[in-house]
Structures are given as C-alpha cells and as structure tokens.
Amino acid sequence: MKRSGQDEGTPIRKVTADQEKPERRESDEQFRELMAHLQQVFWIKNAADDAVLYISPAYTAISGRTCQSLYDDFQTFLDAVHPEDRERVAGAMAGQRETGGYEEEYRLVRPDGAIRWIWARSYPVCDGQGQVIRFAGIAEDITERKSLELDRARLAAIVEYSQDAIVSMSVDCIIISWNRGAERQYGYTAEEIIGCSLSVLFPADHYQEYLQILKNVRRGEPVASYDTVRRRKDGTLIDTSVNIFPIEVRNRELAGASKISRDVTAIKKLEAQFIE
C-alpha cells in the first residue's frame, strides 16, 4: 500500500486532538530525535498485511535505500537481501508468527554493489487478548565484526597449517596452544601437551636454558632467534631454531608468550658434512 509523501523515518499514525497536546508533541519529538541518532535500524510492521508502520532513518544509511521504498512496498527489502540468503530470510519472516520472532544474520546488497552483513531480530507485539497484531524488530550492521572474524579465521588457519611449530604459553610457560607443526616436530598431540610445562621439551642438560626463558617470558622480554636442541616425545633430540616474543592484551597487560621453532636437524647435518 503506497504512502506517498511519507517523511523518512516518520511513524504513520492518525492525527487526533489528543496528539496536538504539547505533551504528546514533545514525546513525538523526543522519539524522532532518538531514532535520528540510533545507528541500528528499528522497525514496526503490521502482522496482517506486512505493511511497514515505521522504519528508522538508519535503514537508509545502512542499505543505501530510502525508508519510503519500504513504506511503498515491503518486498523491496527482500529484493535487497543477497540471493544466497534471501530464501532463508524470507522463510524466517514468514514463520515468525509460529516461532515468536526470529534472529538472523544475512547479507544486504546496496545499490552500489557493496555488501553489508546484517544482524536482525524480530519479536511479536500482542493486543490485550494475546493476539499478534504487529512485529517489531531491530537490525544492526555487523560488517566490521564479520571482517574481523574472517581475518581471525585466516590467521588461525595460517598458524594451524604452518610448517613451523607455533606454541603459545602463559607467563609461567604453561602450554596453552599447539599447532600441527608442533605436533609434527615434537610428536605430541595438542590434547597430550596443552596444560603441560614447556620444560618437557628441554633435554636435562638444557634446564638452565629453560629457566632463562621462563624469566624472559615473565618479564615480557623477547628472545631473539637462536639455535638449540629440543627433545621429542620419543626421546630423540632435534636441532631447532627458536625465537620467542611476548603476547600483550589490552592496557599492555602481559598474557604470555608465543614460541616459533623450526626443525633444522637436516641443515645441521649438512653443515657438519662440509666442516668435516
């Protein structure tokens, strides 16, 4: 149902004498001011015919489309949803009377082709007899959060599948993460070694080296790359190149350290052949 001349973000309501009272006008003005500064999209929709009764101005900022377009035809919203997400979102909306609302994450395609990730939640509004008469909801642009999640996933994949052993530890050198490179290099699975002291990787005659590393980690001091010897699960010794750097969190609080090591046993044997 077309609502021509509807101001962006202005609720549709019948004007009565009561609404002309100063108190009501002040309340309406406060509502409009609040909605104008709200970064999330707030909306109200008729349960009977899906007519949009209110959509806040943030819809335009996020979607690149006018609020009036939704007042004219709610279908334009679904047209803007990414084709791969559209059927799922349409199904959630169609079933919200039975489910009591919905919560979804989906992609919205702006007119300029840019894609925005949206989190949206809908909930029913009932009359005095408990009948659903409207649906209200809120939607938020979570594109930045999704981008950070993707970056973290990529970084995690790089760490997990690195050929080098990448190990993180607490300030007391207790192992808290262990990648596949570490499994290959030292022979321990993550399940076996997480929670153990880093000292299990040190031969008995290198214990003083471990104590020095423990001091560095507790002080938040990096350990420059150097060659040393480590002990595998089966007791064999391997030559490794190791460097350690501190891990800081918010307010520069020390959380522990990360150790990267590479098995250089083959290189050492080759060097020894040339020396001989």
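The following dialogue considers how the strands and a helix of this predicted model are assigned.

Visitor: What makes strand 1 and strand 5 a pair?

Guide: Two strands pair if DSSP finds at least two bridges between them. Strand 1 (residues 41–46) and strand 5 (residues 132–141) are joined by 6 bridges, so the criterion of at least two is met. These strands run antiparallel, and Trp43 stands opposite Gly137 in strand 5.

Visitor: How do you know that strand 1 also pairs with strand 2?

Guide: Between strand 1 and strand 2 (residues 52–55) there are 3 bridges, in the antiparallel sense; the cut-off is at least two, and therefore they count as a pair. Here Trp43 stands opposite Ile55. The two strands form a hairpin with 5 residues between them, and Asp50 in the turn has a positive phi of about 65°.

Visitor: Why are strand 7 and strand 8 said to stand at the edges of their sheet?

Guide: The sheet is open and consists of 5 strands in the order 7-6-10-9-8, with antiparallel pairing. Strand 7 (175–178) and strand 8 (223–231) each have a single partner strand, so one side of each lacks a neighbour in the sheet. Neighbouring strands of this sheet are turned by 30° against each other on average, direction ignored.

Visitor: What makes strand 9 a partner of strand 8?

Guide: Strand 8 and strand 9 (residues 237–248) run antiparallel and are joined by 7 bridges; pairing requires at least two, so the condition is satisfied. Tyr226 stands opposite Val242 in strand 9.

Visitor: Which helix lies across strand 8?

Guide: Helix 10 (residues 207–219) lies across strand 6, strand 8, strand 9 and strand 10, running at about 140° to strand 8.

Methods. Residues are numbered from 1 along each chain as its sequence is written. This is a predicted model: local features need pLDDT of at least 70, side-chain atom pairs count only at pLDDT 80 or more; totals for chains, interfaces and linings use all residues. Side-chain values use heavy atoms; hydrogens and water are left out. Helices (H or I, at least four residues) and strands (E, at least two) are DSSP runs, numbered from the N terminus. Axes are lines fitted to C-alpha atoms, for helices over the stretch in contact, and angles run from 0 to 180 degrees between N-to-C directions. Contact means heavy atoms within 4.5 Å.
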